[in-house]
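Q: Could you take a close look at the surroundings of the ligand for me, and then work outwards to the rest of the chain? Keep it chatty, but stick to what the coordinates give.

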Amino acid sequence: MYHLSDVKKYLRCPRLFQLDATLPRTPFQPFIRRDEAITDLAVRMFGLTDYFCGERGDDPALAIAAMETNDWLVKARFEYGGLRIKVPFLHRTEAGWDLYFLFAGLYPHADDMQFYCGNVWVLERLGITLDHIRIIHLNADYVREEELDPARLFIISETFYNDRGRPSKNIADLIAGKMTDFAPLLQEMDASSSLPPEAPVRTSKCASRQKCRCYDLCFPAEKEEAPDSILNLIASQHRYDMQQEGRTRLRDADPERLEGFSQQYAQIMADRSGGVFTDRLALQTVLDRYRYPIAFLDFEWERYAIPPYTGMRPYDVLLFEYSLHILHEDGTVTKRSFLSIHDDRRALAESLLHDLPETGTVVAYNAFGAEAIRLRELGQQFPDLKPCLDQVISRLADMQMPFVNGLVYDTRMKGSWSLKSIMAIMDDPGYAALDIQRGMDAVYQWRLLDREETAKAEEIRDELIAYCSMDTYAMVIVYQWLMGLTGKQISIKML
Ligand code: SF4
C-alpha cells in the first residue's frame, strides 16, 4: 500500500523511493509554526457538529460505510489499487459529493498536480461521483482580533492562484486535463520496491528546490572536495560537466560556460590569486558609507501559519529577540540584547529604539530581506512608533552586499557567504563554541520556552542570547576583516 508521498518520491527518483524507507527518520520540526489543528478550525468554519471523522490506520471500508449515513466526512481514508489517501472534507450534494482539499498556506498553486489527481483518481475509481472540487486555504487579508474567527480565517476557492496571488485555473478543469491512470505507475513502484537500489545518477532533481535527503549517501565524495573545487562554483549549471572533463578547480572554469554572475568572477579570481579576491576600490566605497557609531543588528523571530495574537495575519512573524553590537569610533564595542517569551512586540520595539544610537549606520546581514521588513511590520503594528522605526530603516546597510556583488571572496568560504561560513575562516572560535548552532535551532528552543514545555528555561534563555549575540559579534569581526582587506586595520575592544 502506498501514499501519494511515495508516488512523489518515486517520480522524483526511483532510488530515492527505494532508499527512503531504509533511512532513519529524523523528528520533523516545521519551519512554520502550526500549533492550531487546521482541520479542527476548518470544521468550525463549516459549523460541523455531526460528521464522520477518519483516523490514522482506519480500515478504508469504514469511510465507504460512513458515506451511507453521513453528509460530511472529515479526514476520511480511502484506498484503491494499493493507493491510500486521506480526504480532508467530503460533503454530500444532490449531484454527488463536493471534495474540499485543505491547504495550510495563502495561495495554492497548481504545482503538485500528482497529489490532486491521485486523490480524485482513487475517489472516482471507487465509484464516488464528485460534484465540485474546491480548496480551503488561509486568507492573507485576515487580521486576528482577540478571538480567532475561523469564518474569516479561511477562503474557499474553486481556482488555483498564480505567482502574483491572483486566481488562475479552475481546479477541477486542471485535474481533468492532467489526469492519468495511476495503476501502471503503482505496478512499477511495486516492482521497483523489491529490487536492490538503483545506482545514483546525478540529475537536476538531486538538488532542485530542496536537496534530496539521500544526497550525501549518493555522492559522498562531494563533501570531501577541496575549497577551490569547481563544484563550489556558485549557481553554475555546468560545474559537473566541467569536473568530468578534468576542469576540477575554480581557476579551470571554462569562460564560455559561465553564467556571468559577479560572484563566479570573484571565485575564479580568488583561486587564481592565492585564495582571496577583493575589489578593493568598490569595497572601500561601500564601507566608507558606514557612519559611527555602527550598530550591528540581528533579529530572531517565529512565523505562525495561524495568527496567535491580536493584530497578526496568517504567516505573520512574531519578533522575539534582538541583539546589538555597537562599534564606536574609538574601537570600543558595547552590547545590548532583548529576549521575550510569548508576545512582547511593543516592549521589544521600544527597547530597540532606546538601545540604538540616535545616529550612525545600522548594519544587518541581509538587511533588506529581513531586518527592514521586520521593522516595517513593527511600524504597521504600532503606528505611533512608525516614524522612529522608519528612521532606523533609512539608516540600514546590508553587510551581505559585498559578498553578493562579488567584491570579496575567499576560497575557504566554499561557495557560501553565510556569516557562519565567513566566521569559519576567521581566527575566532565563533559559532563552534555555542550550544545553539543554527537560526532554526534557536527558534525550536524558543518554542519550548513559549509553550512552557521545558524545565531548563534559564539555560535556554542564556543559549538564545548567546546565539543571537554571536550573529552581531560575527558582523563586527567580519567588518574588521573587510576593513583590513581595504588596507585599513582597525582595532576593536569588546566592553
Ligand atoms: S540524490 Fe539524486 S540520485 Fe540520489 S536518491 Fe536523490 S535524487 Fe536520486
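A: Right, the ligand. The residues around it are C13, L16, V201, C206, C212, C214, Y215, C218 and F219. Sort that shell by residue class and you get 9 nonpolar residues, with no polar and no charged ones. Keep in mind that this is a predicted model, and that goes for everything below too.

Take C206 from that shell. Its relative accessible area is 13%, and the cut-off for buried is under 20%, so C206 counts as buried. With several cysteines in the list, you may be wondering about disulfides. A disulfide is a covalent bond between the sulfur atoms of two cysteines. The count here comes to 0, going by cysteine sulfur atoms within 2.5 Å. Away from the ligand list, C117 is another buried cysteine, at 2% relative accessibility.

Y215 is a handy stepping stone from the shell, since E222 touches it. Skipping neighbours within four places in sequence, E222 has contacts with R202, Y215, L231 and Y240. E222 sits in the loop between α9 (215-218) and α10 (239-244). Its relative accessible area is 22%, so it lands in the partly exposed class. For a sense of distance, the C-alpha atoms of E222 and L318 are 38 Å apart, with their positions 96 residues apart in sequence.

Now zoom out to the domains. The chain splits into domain 1 (2-189), domain 2 (219-272) and domain 3 (284-494). The centres of domain 1 and domain 3, taken over C-alpha atoms, are 39 Å apart. Those two do meet: 24 residues from domain 1 and 20 residues from domain 3 take part in the contact.

What about the packing inside? In soluble globular proteins, nonpolar side chains tend to be buried together. In this model the largest nonpolar core has 52 residues, and the members touching the most other members are F296, M399, F403, I422, Y479, W481 and L482. Helix α19 (residues 457-485) supplies the largest share of that core, 14 residues. The core also crosses a domain boundary, drawing at least three residues from each of domain 2 (219-272) and domain 3 (284-494). Then there is a second, separate core of 38 residues, with Y10, F17, L99 and F101 among them.

F296 gives a good view of the largest core. Leaving out neighbours within four places in sequence, it contacts S323, L324, H325, L327, V363, M399, T472, M475, V476 and Y479. Two of those partners, M399 and Y479, are also named among the core members that touch the most others.

Just before F296 there's a backbone feature worth checking if you plan to set up torsions: the peptide bond from Y292 to P293 is cis, with omega near -10°. P293 belongs to the loop between α12 (280-288) and β11 (294-303).

Two other loop residues have positive phi without being glycine. One is N366, with phi near 65°, in the loop between β14 (362-364) and α14 (371-381). At 30% relative accessibility, N366 is partly exposed. The other is K414, where phi is about 50°; this residue is in the loop between β16 (408-410) and α17 (419-423). K414 is partly exposed as well, at 46% relative accessibility.

Over in domain 1 (2-189), two strand residues deserve a mention. F89 is in strand β4 (residues 83-92) and is buried, with 0% relative accessibility. Its C-alpha atom is 6.4 Å from that of K75, 14 residues away along the chain. T159 belongs to strand β8 (residues 159-161). Not counting residues up to four places away in sequence, T159 touches I135, P167, S168, K169, N170 and I171. Its C-alpha atom is separated from that of G260 by 39 Å, the two being 101 residues apart along the chain.

Finally, the whole chain. There are 19 helices and 17 strands, and the C-alpha trace spans about 80 × 60 × 45 Å along its principal axes. Of the 495 residues, 48% count as buried. Among contacts with a separation of 6 or more, 66% join residues 24 or more positions apart.

Note on methods:
Residues are numbered from 1 along each chain as its sequence is written. This is a predicted model: local features need pLDDT of at least 70, side-chain atom pairs count only at pLDDT 80 or more; totals for chains, interfaces and linings use all residues. Side-chain values use heavy atoms; hydrogens and water are left out. A residue is near a molecule or strand if one of its heavy atoms lies within 4 Å of it. Ala, Val, Leu, Ile, Met, Phe, Trp, Tyr, Cys and Pro count as nonpolar, Asp, Glu, Lys and Arg as charged, and the others, Gly among them, as polar. A nonpolar core is a set of buried Ala, Val, Leu, Ile, Met, Phe, Trp, Tyr and Cys residues joined through side-chain atoms within 4.5 Å. Buried means under 20% relative accessible area, exposed over 50%, partly exposed in between (1.4 Å probe, protein chains only). Helices (H or I, at least four residues) and strands (E, at least two) are DSSP runs, numbered from the N terminus. Domain bounds come from an automatic or database domain assignment. Contact means heavy atoms within 4.5 Å.
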